[in-house]
Amino acid sequence: MKGSVLSIGNFDGLHLGHRKLLGELTALARRLKLRSVVITYDNHPSQVLDRDLHPLLLLPPQQKARMLKELGVDEVTLLHFDEELSRVSAEDFLRDQIVGLFEPTALVLGYDSHFGHQRRGDYAFLQEQQTLYGYQLHYVEPLQNGDRVVSSTLIREILIQGNLVGANRLLGAPYTIYGKVVSGSALGRDLGFPTANLRLEEARQILPKNGVYLSRVRLGGESFFGLTNIGSSPTLKHSEIVAVETHILDFDRQIYGVPLKVELLRYFREEKMFTGTNALREAMLQDLARARELVAEGKL
């Protein structure tokens with residue numbers, strides 16, 4: 001199938017800025033009666049380009065590919081960014097990976113779109129190559145949040161600070177943690193609060209500030225509310241390992257090994273050391289009452 005409308009970028013988190021660009025990409029593709037294509041990565045390029053940075057991800061790569069399709073993109077290519085790819089010139093990348101494979105009629109770029117060695121494949125570079133390859137070039141203005149551009153970096157900062165409301169607003173959806181249910185210590189069950197313990201699908205997915213969250217759990221086609229604790233559970237455990245554990249409201253099923261999506265809706269309180277299990281259980285009962293009140297009010 002010849003011809004496409006194409007964009008390239010990391011698209012981590014698929015936040016409102018990304019969605020603005022993707023909206024223009026898919027609308028243009030429909031107008032031109034062409035397929036829409038996104039080239040992205042299954043890892044963060046900065047993990048290769050800056051060894052000291054080690055950026056965490058907002059979205060596991062396979063989930064990113066799935067969500068891009070849900071947002072209307074016809075074809076998604078996931079590249080693995082490694083040392084070899086980092087040395088490919090912008091000229092070679094454009095010729096081989098973009099024009100050679102997808103024959104784009106139009107390229108849609110955001111403010112930080114780039115590719116090729118030393119990030120030389122930017123908007124100015126593509127303008128220089130436009131006559132050679134004959135594509136249209138479309139630039140999408142960035143989305144602002146006050147005096148800062150909406151970006152994955154900004155959302156990571158907000159999540160680490162514990163500002164879940166701000167992060168969810170910029171994402172355009174609840175921040176979601178993905179994984180599979182694994183067996184745990186069953187300490188929560190002894191307190192009357194059995195939990196689903198999550199092994200992350202992507203070990204490098206960023207976890208927000210430790211604490212207790214009201215959450216929505218997606219289990220196959222079903223949806224449940226829950227209380228999610230992110231942290232080391234210091235009252236019950238003697239380890240500093242951070243875990244994601246969710247008590248699913250009104251739920252009593254065996255789901256070990258089942259994929260789970262945990263959408264974080266509200267930050268309730270910080271995680272802390274209680275004087276004992278009775279004090280911890282009382283706090284959990286208060287969390288549960290607050291959760292049920294919010295659910296009943298339909299304010300989520």
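Student: How many helices and how many strands are there in the protein?
Tutor: This is a predicted model, in which local features need pLDDT of at least 70 and side-chain atom pairs count only at pLDDT 80 or more, while totals for chains, interfaces and linings use all residues. Residues are numbered from 1 along each chain as its sequence is written, and side-chain values use heavy atoms, with hydrogens and water left out. Helices (H or I, at least four residues) and strands (E, at least two) are DSSP runs, numbered from the N terminus. Counted in this way, the protein has ten helices and 13 strands.

Student: What percentage of the residues in the protein is buried?
Tutor: A residue is buried under 20% relative accessible area, exposed over 50% and partly exposed in between (1.4 Å probe, protein chains only). The protein has 300 residues, and the share of them that is buried comes to 49%.

Student: Is Ser 86 buried or exposed?
Tutor: Ser 86 lies in helix H4, which covers residues 83–86. Beyond its neighbours within four places in sequence, Ser 86 is in contact (heavy atoms within 4.5 Å) with Leu 49, Phe 81 and His 117. Its relative accessibility is 10%, and therefore Ser 86 counts as buried.

Student: Why is helix H8 described as largely enclosed by the rest of the structure?
Tutor: Helix H8 spans residues 164–171, and its buried residues are Leu 164, Gly 166, Ala 167, Asn 168, Leu 170 and Leu 171. These buried residues pack against several elements, including helix H1 (16–32), helix H7 (152–161) and strand S13 (259–269). H8 is largely enclosed because the number of its eight residues that are buried is six.

Student: Which residue just after H8 takes a positive phi?
Tutor: The last of the residues in H8 is number 171, as the range 164–171 shows. Just after the helix, a phi of about 80° is taken by Gly 172.

Student: Which word describes how H5 lies relative to H6?
Tutor: The axes (lines fitted to C-alpha atoms, for helices over the stretch in contact) of helix H5, residues 90–102, and helix H6, residues 123–133, come within 12 Å and cross at roughly 55°, where angles run from 0 to 180 degrees between N-to-C directions. Angles under 35 degrees count as roughly parallel, over 145 as roughly antiparallel, 65 to 115 as roughly perpendicular and the rest as oblique. The crossing angle therefore makes H5, relative to H6, oblique.

Student: Which residues in H6 are met by residues in H5?
Tutor: From the side of H5, the contact involves Ala 90, Glu 91, Leu 94, Arg 95 and Val 99. On the side of H6, these residues meet Phe 125, Leu 126, Gln 129 and Tyr 133.

Student: In what order do the six strands close into a barrel?
Tutor: Two strands pair if DSSP finds at least two bridges between them, and the pairing in this barrel is antiparallel. S10 and strand S11 (residues 222–231) are joined by nine bridges, S11 and S12 by six, and strand S9 (residues 196–200) and S12 by three. The order of the barrel is S8-S9-S12-S11-S10-S13.

Student: Which residue in S12 is the bridge partner of Asn 229?
Tutor: Strand S12 covers residues 243–248 and is mostly covered, with five of its six residues buried. Within S12, Thr 246 is the bridge partner of Ala 196. The partner of Asn 229 in S12 is Glu 245.
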